[in-house]
Amino acid sequence: MDSIRIFPVGNTSACRWGAAFLEEAGICLVDHPSPEVTHLLLDVPSFAADGTLRGGGELLSLLRMLPPGITVAGGNLKHPALAGYRTLDMLEDAQYLAVNAAITADCALQVAAPLLNTTFADAPTLIIGWGRIGKCLGQLLKSIGADVTIAARKETDRAMLRALGFSTADTASLTGILPRFRLIFNTAPEMLLTEEQLAPCKQCVKIDLASKPGMEGSGVVWARGLPGVHAPESSGKLIAETFLRLSREGAE
């Protein structure tokens, strides 16, 4: 690790926290492009929809200012300019994704709390989707006494959920049960509930956590990138820990 020299260019608070944690761990940070740079640290995820860097600028222009043999760390690093470069893609790392899901679940409760007029224990909650975030969110809400129903597509998943003590629903048959909930979280990245279907849910807080909208309507809060917004220090710590672990694994 003594030979690592990181040029951190991420523009998010999480990336800045990550760089600070790496410096505390004894990693040398470089504040400008130079021949001594061994690693480039980007935001996670690293790119906007148009392929530019998330914080602005073109990746190719940045790479031209750096040594050709550097390692690039970030997320979603399938950029054509990175062909031939060694990458540390955190969004392809199972441990990073699992911990980030847990942080996201915690942040989701921070978003929901000020929108509710009641405690979570008094707010019957529906979680749509049983992926990483759905699992973490379900366990977190259950631990604070919430009445949680989880909607999953597969009967095998619903059977396991019932064994874990959750009420369940089929994602294909949600319309009739929606009015009973005071809080709905969607984690599925596909449109499942229209504005018309959600219209009877007058007192319901609706929060969409998916990368692509799964609920539509003026009352839906689409909450993306929550770790970087509500817990940038925790998110930055995860970036730093993942960088160090992936670097060690790559050196073995």
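Arg245 is a buried residue in this predicted model, because its relative accessible area of 14% is under the 20% cut-off. Its salt-bridge partner is Glu249, and the closest N and O atoms of the two are 3.6 Å apart. Glu249 counts as partly exposed, at 42% relative accessibility. Both residues belong to helix H8, where a spacing of four residues puts about one helical turn between them.

**Salt bridges**

The count of salt bridges comes to seven. Among them is the pair of Glu190 and Arg153, whose side chains meet with an N to O distance of 2.5 Å. Glu190 sits in the loop between strand E9 (183–186) and helix H6 (195–198), and Arg153 in the loop between E7 and helix H5 (155–163), so this pair ties together parts that are 37 residues apart in sequence. Glu190 is partly exposed, with a relative accessible area of 37%.

Another salt bridge joins Glu155 to Arg162, with 2.6 Å between the closest N and O atoms. Both ends are partly exposed: Glu155 has 40% relative accessibility, and Arg162 has a relative accessible area of 43%. These two residues are also part of a network of salt bridges that links Glu155, Arg158, Arg162 and Asp170.

Here are three of the pairs side by side:

| Acidic residue | Basic residue | Closest N to O distance |
|---|---|---|
| Glu190 | Arg153 | 2.5 Å |
| Glu155 | Arg162 | 2.6 Å |
| Glu249 | Arg245 | 3.6 Å |

**A buried acid with no salt bridge**

Now to Asp208, which belongs to strand E10 (residues 205–208). Asp208 is buried but has no salt bridge. How far away is the nearest side chain of opposite charge? That side chain is Arg224, at 8.5 Å, and a salt bridge needs a nitrogen and a carboxyl oxygen within 4 Å, so the pair does not qualify.

What does lie beside the side chain of Asp208 is backbone nitrogen. A polar atom of that side chain is 2.6 Å from the backbone nitrogen of Gly214, and the backbone nitrogen of Met215 lies 3.0 Å from a polar atom of the Asp208 side chain. If neighbours within four places in sequence are set aside, the contacts of Asp208 are Asn186, Pro213, Gly214, Met215, Val220, Val221, Trp222 and Ala223.

**Thr149 in strand E7**

Strand E7 holds Thr149. This threonine is buried, with a relative accessible area of 7%. Beyond its neighbours within four places in sequence, Thr149 is in contact with Thr125, Leu126 and Ile127, with Ser167, Thr168 and Ala169, and with Phe181.

**Two backbone details**

Most residues other than glycine have a negative phi, and most peptide bonds are trans. Two places in this chain are worth a look with that in mind.

The peptide bond between Val44 and Pro45 is cis, with omega at about -5°. Pro45 is placed in the loop between strand E3 (39–41) and helix H2 (59–63).

Asn76 has a positive phi, near 60°, although this residue is not a glycine. The loop between strand E4 (71–74) and strand E5 (86–89) contains Asn76. With a relative accessible area of 46%, Asn76 is partly exposed.

**The largest pocket**

If you are thinking about open space in the model, the largest pocket holds about 1,200 Å³. Its lining is made up of 42 residues, and those nearest the centre are Asn100, Ile133, Leu209, Ala210 and Ser211.

Which elements supply at least two residues each to this lining? They are helix H1 (13–24), helix H3 (94–112), helix H4 (132–143), strand E7 (148–152), helix H7 (226–230) and helix H8 (232–251). H3 gives the most, with five residues. Two elements met earlier return here: strand E7, where Thr149 lies, and helix H8, which holds Arg245 and Glu249.

**The chain as a whole**

Stepping back, the protein chain has eight helices and 11 strands. Its C-alpha trace spans about 65 × 35 × 35 Å along the principal axes. The chain has 252 residues, and 47% of them count as buried. Among contacts with a separation of 6 or more, 55% are between residues 24 or more positions apart.

Notes: Residues are numbered from 1 along each chain as its sequence is written. This is a predicted model: local features need pLDDT of at least 70, side-chain atom pairs count only at pLDDT 80 or more; totals for chains, interfaces and linings use all residues. Side-chain values use heavy atoms; hydrogens and water are left out. Buried means under 20% relative accessible area, exposed over 50%, partly exposed in between (1.4 Å probe, protein chains only). Lys and Arg count as positive and Asp and Glu as negative; His and the chain ends are not counted. A polar contact is a pair of N or O atoms within 3.5 Å; within protein, one must be able to donate a hydrogen and the other to accept it, and residues adjacent in sequence count only if both atoms are side-chain atoms. Contact means heavy atoms within 4.5 Å. On a 1 Å grid over the protein atoms alone, a cavity is a set of points where a 1.4 Å probe fits but cannot get out, and a pocket is an open set with protein on both sides within 12 Å along at least five of seven lines; lining residues have an atom within 4 Å of a point. Grid points are joined across faces, edges and corners, and a volume is the space filled by probe spheres set on the points.
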